[in-house]
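Subject: A structure to look at

Hello,

Here is the structure I promised to pass on to you. Please open it beside this message, and then read on for what turned up in it.

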Amino acid sequence: MSDLIAAVATGWVRAGIGILRLSGDGCVEAAEAVFRAKSGKALRDLAPGRLTLGTLFDEQARPIDQCVAVVFRAPHSYTGEDAVEFQCHGSPAVLAAGLRALFANGFRQALAGEFTRRAFLSGQMDLTQAEAVIDLIDAETPDAAANAAGQVDGALRRKIEPLYDALCGICAHFHAVLDYPDEDIDPFQLENFRKTLLDVRQSLIALLSTCARGQRLKNGVRAVILGSPNVGKSSLLNALCGYDRVIVTSIPGTTRDTVEESVTLGRHLFRLLDTAGIRDTDDTVERLGVTRAEHAAQEAELALLVCDGSRALNDEDERAIRAALSAPRAIALLNKSDLPQCVQPSDLPFDLVVPISAKNATGLDLLEQALDLAFPEHSAPCDGGILTNARQSGALVRAGKAIDCVLASMDAGMTPDAVLLDVESAMQALGEVTGRVVREDITNEIFSRFCVGK
């Protein structure tokens, strides 16, 4: 892990700032070949954490940028190793030339996620914190960012490690009595640890109860837009996106397949799915689209039914209404409110009915209010204690099942050595969450999701 790595940490796009990130034992001294401080000091002599102006050179020793260098000394760096960052002007050409110069002086290209992987392996962070880094990068709402930031700070680890330690204490007591019978150690009575085991199980249940909210926080609410042809479904999607995401025409059946787009409305992220107009048709392709639309309603968390309020409801609208009501939550939108209305909110069997004009983008604020009612704000803060990760929740489920087996075995009167096998299984599962139990396949999977330079 001590070899020298370098990468562009800010992406290959033109920007105001572009950062070259370096790490590895001896990287400060090796980087002196490509940087000269304006003060004349060598990089190795710079105070850690201080910005220093200087010149960046390419592999032919030609000056290519006036940039700022920052030196970090182990263990006080992101990776736990010596590290350097060059904050350059954000020209891809400058960054590429700087990388080539570094490669010519002993550095190699960092792999995806290698900086964070080194931080994990050096003990700078646990696996929950490492996984939260990519969640923070990918966060699309303030709540998702706040929860990921809390996990980067160790909030999830602080909930799980006491559970691991409690189970470890049970096993340690048993083995101490077994291995040192002549010592003055309290006799091991498994029943004395029942409350501890029940507390661990209750803590696991509480953590796992946040999974549904966590998935919604991370991935958004899957919402399907339904309605008969030409009621304004695609116009609604375009209005919510703020640009022409899909084609809109007066010809019925324009949309034949599902079209997905992510939109933040109110406090929530929504994965909006525009669908084919629901109707009977002889067109094979359109009929498949209608089937997909009805099936999507059954898989969605929310259905947005769009009706043309300027005309009376027909059989196709009734069919769309039935499809929308098959979703766990449904909101009706009376579109074309800018025209004389033939349909009243009381005509629709929905608790929430919102008048809008997708064409004029009016009424969207009322839709946001309706969505906040459908998905009310949770009392618990997004402070990092919400499970958003399927791998972590899967391991916690296994830990919970192991604790259930422990309690069942105790009730059946099994011997402590047999019961403690399940205690150790629970510890194994909890250890996989935080990384106390390191499995290479788990770490490889986690860091494969990262971008280069992080």
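Below are the findings, taken part by part.

Please keep in mind that this is a predicted model.

**The sheet and the helices on it**

A good place to begin is an open sheet of 7 strands, whose order is 3-4-5-6-2-1-7 and whose pairing is mixed. At its edges stand strand 3 (35-37) and strand 7 (108-109); each has a single partner strand, so one side of each is left without a neighbour in the sheet. As general background, the strands of a sheet pair through backbone hydrogen bonds, either parallel or antiparallel.

At one of those edges, strand 7 pairs with strand 1 (residues 5-8) in the parallel sense, over 2 bridges. If you want to find the spot, look for I5, whose bridge partner in strand 7 is R108. Helix 2 (residues 92-103) packs on the sheet, where it touches strand 1, strand 2 (15-23), strand 4 (52-57), strand 5 (63-72), strand 6 (83-90) and strand 7. The direction of helix 2 makes about 15 degrees with that of strand 2. Helix 3 (residues 114-121) also packs on the sheet, touching strand 1, strand 2 and strand 7. The direction of helix 3 makes about 135 degrees with that of strand 1.

Now to strand 6, which runs antiparallel to strand 2, with 8 bridges joining the two. In this pairing I17 stands opposite H89 of strand 6. Strand 5 and strand 6 run antiparallel as well, joined by 5 bridges, and here V70 stands opposite E85 of strand 6. How many of the 8 residues of strand 6 are buried? The count is 6, so strand 6 is largely enclosed by the rest of the structure.

**Unusual backbone spots**

Most residues other than glycine have a negative phi, and most peptide bonds are trans. With that in mind, have a look at three places in the loops.

- The peptide bond from A74 to P75 is cis, with omega near 0 degrees; P75 is found in the loop between strand 5 and strand 6.
- A61 is not a glycine, yet its phi is positive, near 65 degrees. This residue lies in the loop between strand 4 and strand 5, and A61 is exposed, with a relative accessible area of 55%.
- K336 also has a positive phi without being a glycine, at about 65 degrees. Its place is in the loop between strand 12 (329-335) and strand 13 (353-355), and at 24% relative accessibility K336 counts as partly exposed.

**A helix with a buried face**

Helix 7 (residues 194-208) has 15 residues and reaches 21 Å from its first C-alpha to its last, close to the 21 Å expected at 1.5 Å a residue. Which residues of helix 7 are buried? They are L197, V200, L204 and L207. Seen down the axis of helix 7, its buried residues fall within an arc of 85 degrees, so they line one face of the helix. This fits a general rule: an α-helix has 3.6 residues a turn, so residues three or four places apart point the same way. On the other side of helix 7, K195 and Q202 are exposed.

**Salt bridges**

The structure holds 26 salt bridges. Here are a few to visit.

One of them brings together the side chains of D153 and R158, at 3.7 Å from N to O. D153 is exposed, with a relative accessible area of 52%, whereas R158 counts as partly exposed at 45%.

Another joins R436 to D165, with the closest N and O atoms 3.0 Å apart. R436 lies in the loop between helix 14 (416-434) and helix 15 (440-447), and D165 in helix 6 (residues 155-179), so the pair ties together parts that are 271 residues apart in sequence. R436 is partly exposed, with a relative accessible area of 41%, and D165 counts as partly exposed at 41%.

In a further salt bridge, the side chains of R311 and D317 meet at 2.8 Å, N to O. Is D317 buried or exposed? At 1% relative accessibility, D317 counts as buried, while R311, at 23%, counts as partly exposed. Elsewhere, salt bridges that share partners join D3, E81, R108, E114 and R118 into one network. You have already met R108 as the bridge partner of I5 in strand 7.

Enjoy looking around, and best wishes.

Definitions and conventions:
Residues are numbered from 1 along each chain as its sequence is written. This is a predicted model: local features need pLDDT of at least 70, side-chain atom pairs count only at pLDDT 80 or more; totals for chains, interfaces and linings use all residues. Side-chain values use heavy atoms; hydrogens and water are left out. Two strands pair if DSSP finds at least two bridges between them. Helices (H or I, at least four residues) and strands (E, at least two) are DSSP runs, numbered from the N terminus. Contact means heavy atoms within 4.5 Å. Axes are lines fitted to C-alpha atoms, for helices over the stretch in contact, and angles run from 0 to 180 degrees between N-to-C directions. The expected span of a helix is 1.5 Å times one less than its number of residues. Buried means under 20% relative accessible area, exposed over 50%, partly exposed in between (1.4 Å probe, protein chains only). The arc is that of the directions from the helix axis to the C-beta atoms. A salt bridge is a side-chain nitrogen of Lys or Arg within 4 Å of a carboxyl oxygen of Asp or Glu.
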